[in-house]
Amino acid sequence: MVVSVTRVKIVFTDLDGTLTESRRTYRIHLGAVEAMRRLQSLGVRVSIVSSNALPVVIGLHRYLDLDGPAIAETGALIYSEDLGIVELPSRSAREAYSDALSRFRGLVADSWQNRFRLYDFALRLVDRANGDQVYKLVKDYVEGRYDWVRVGYSKYAIHLTPRDVDKGRAVKFVLDRLGLDPSEAVAVGDSSMDANLLKAVELGVATGDADEELKAVAKLIVDEPAGRAIVKLAELIEGGQL
Ligand SMILES: O=C(O)COP(=O)(O)O
Ligand SMILES: [Mg+2]
């Protein structure tokens, strides 16, 4: 599908399942790292937009030398040298996380990152094979009791997120602060939690092995899985083929 993207000025990329070698690993795809470096050498900024905790995302920005703002906790927190740490939510999902962790212990487990989170909290699956069923159980329980909390599933973890934030709202905040238009931005993701991320820009891209719900809102589906999709996307941008 040809999309009228003016010159691309920033790429917003999800992390787990998008920059990794596959959707079942945390291993970063080294080709994706090279691709981001090439994009930055062309003047295209790169931002990671992840449900991971802020220290994780800032750490990756530092050591991969990424020059866009770091967006963490499913859009709740933003960091750059110029912005400092921006906190977007009006309320934390902490209470709902503590309740769900104790109620579903055995089906879910705590994440070490939760010690370093403020608003969005993660529950790890004890058995990923029943991930969808456990996600539905947690979602029905939490959303039935905490109307300010939304439950999502990245296929890496179940996330309890304040309803007044998502990755798309954080991207719009960053575009506004950088003085960029959505038509100058590309966003890439792999899970249903990235739908608002893709909708926040003119060219929303899904990886080839992304969730069907995400492919349904993508303007472009790159026919490569996970990190290889970033490599392919960078080639399209470098070749002016978007
Ligand atoms: O932290 C997760 O569960 C997934 O992280 P992601 O948003 O980078 O895919
Ligand atoms: Mg992901």
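Thr207 sits in the loop that runs between β11 (203–206) and α7 (212–215). In this predicted model, Thr207 counts as buried because its relative accessible area is 0%, against a cut-off of under 20%. Once neighbours within four places in sequence are set aside, the contacts of Thr207 include Gly17 and Thr18. Val188, Gly189 and Asp190 also touch Thr207, and the list goes on with Lys215, Ile221, Val222, Glu224, Ala226 and Ala229.

One of those contacts, Asp190, turns up again at the metal site. The magnesium ion (ligand 2) takes its protein donors from Asp14 (OD), Asp16 (O) and Asp190 (OD), at 2.1 to 2.3 Å. Written along the chain, the donors of the magnesium ion (ligand 2) have the spacing D-x1-D-x173-D. Distant parts of the chain are linked here: Asp16 belongs to the loop between β1 (10–13) and α1, whereas Asp190 belongs to the loop between β10 (185–189) and α6 (195–199), and 174 residues separate the pair. As for accessibility, Asp16 counts as buried because its relative value is 13%, with the limit at under 20%. Asp190 is buried too, with a relative accessible area of 1%.

Val44 offers a view of another loop, the one between α1 (30–41) and β2 (45–48). With a relative accessible area of 2%, Val44 is buried. Beyond its neighbours within four places in sequence, Val44 is in contact with Val8, Lys9, Ile10 and Val11, and also with Leu39 and Asp67. Val188, which appears among the contacts of Thr207, is 144 residues from Val44 in sequence and 14 Å from Val44 in space, C-alpha to C-alpha.

Next come the helix pairs, beginning with α1 and α8. Two packed helices are described by the angle between their axes and the distance between the axes. For α1 and helix α8 (residues 226–238), the axes come within 8 Å and cross at roughly 25°. The two helices are therefore roughly parallel to each other, since angles under 35 degrees fall into that class. The crossing of α1 and α8 is left-handed. On the α1 side, the residues that meet α8 are Gly31, Ala32, Ala35, Met36, Arg38 and Leu39. The α8 side supplies Gly227, Ile230, Val231, Ala234, Glu235, Ile237 and Glu238. Sorted by class, this contact of α1 with α8 has 8 nonpolar, 2 polar and 3 charged residues. Leu39 also features among the contacts of Val44.

The other pair involves helix α3 (residues 94–103), whose buried residues are Ala96, Tyr97, Asp99, Ala100 and Leu101. These buried residues pack against the strands β6 (108–109), β7 (121–125), β8 (149–153) and β9 (158–162), and against α4 (131–145). The axes of α3 and α4 come within 11 Å, crossing at roughly 140°. That angle makes α3 oblique to α4, because roughly antiparallel would need over 145 degrees. The crossing of α3 with α4 is right-handed. Ala96, Asp99, Ala100 and Arg103 in α3 meet Val138, Tyr141, Val142 and Arg145 in α4. By class, the contact of α3 with α4 has 5 nonpolar and 3 charged residues, with no polar ones. An α-helix has 3.6 residues a turn, so residues three or four places apart point the same way. Among the α3 residues meeting α4, Ala96, Asp99 and Ala100 are buried in the model.

Conventions: Residues are numbered from 1 along each chain as its sequence is written. Chains are lettered from A and ligands numbered from 1 in the order in which they are written. This is a predicted model: local features need pLDDT of at least 70, side-chain atom pairs count only at pLDDT 80 or more; totals for chains, interfaces and linings use all residues. Side-chain values use heavy atoms; hydrogens and water are left out. Helices (H or I, at least four residues) and strands (E, at least two) are DSSP runs, numbered from the N terminus. Buried means under 20% relative accessible area, exposed over 50%, partly exposed in between (1.4 Å probe, protein chains only). Contact means heavy atoms within 4.5 Å. Axes are lines fitted to C-alpha atoms, for helices over the stretch in contact, and angles run from 0 to 180 degrees between N-to-C directions. Angles under 35 degrees count as roughly parallel, over 145 as roughly antiparallel, 65 to 115 as roughly perpendicular and the rest as oblique. A crossing is left-handed if the near helix is turned anticlockwise from the far one by less than a right angle, and right-handed if clockwise. Ala, Val, Leu, Ile, Met, Phe, Trp, Tyr, Cys and Pro count as nonpolar, Asp, Glu, Lys and Arg as charged, and the others, Gly among them, as polar. Donors are N, O and S atoms within 2.8 Å of the metal (3.2 Å for Na, K and Ca); water is not among the atoms, so sites may look incomplete.
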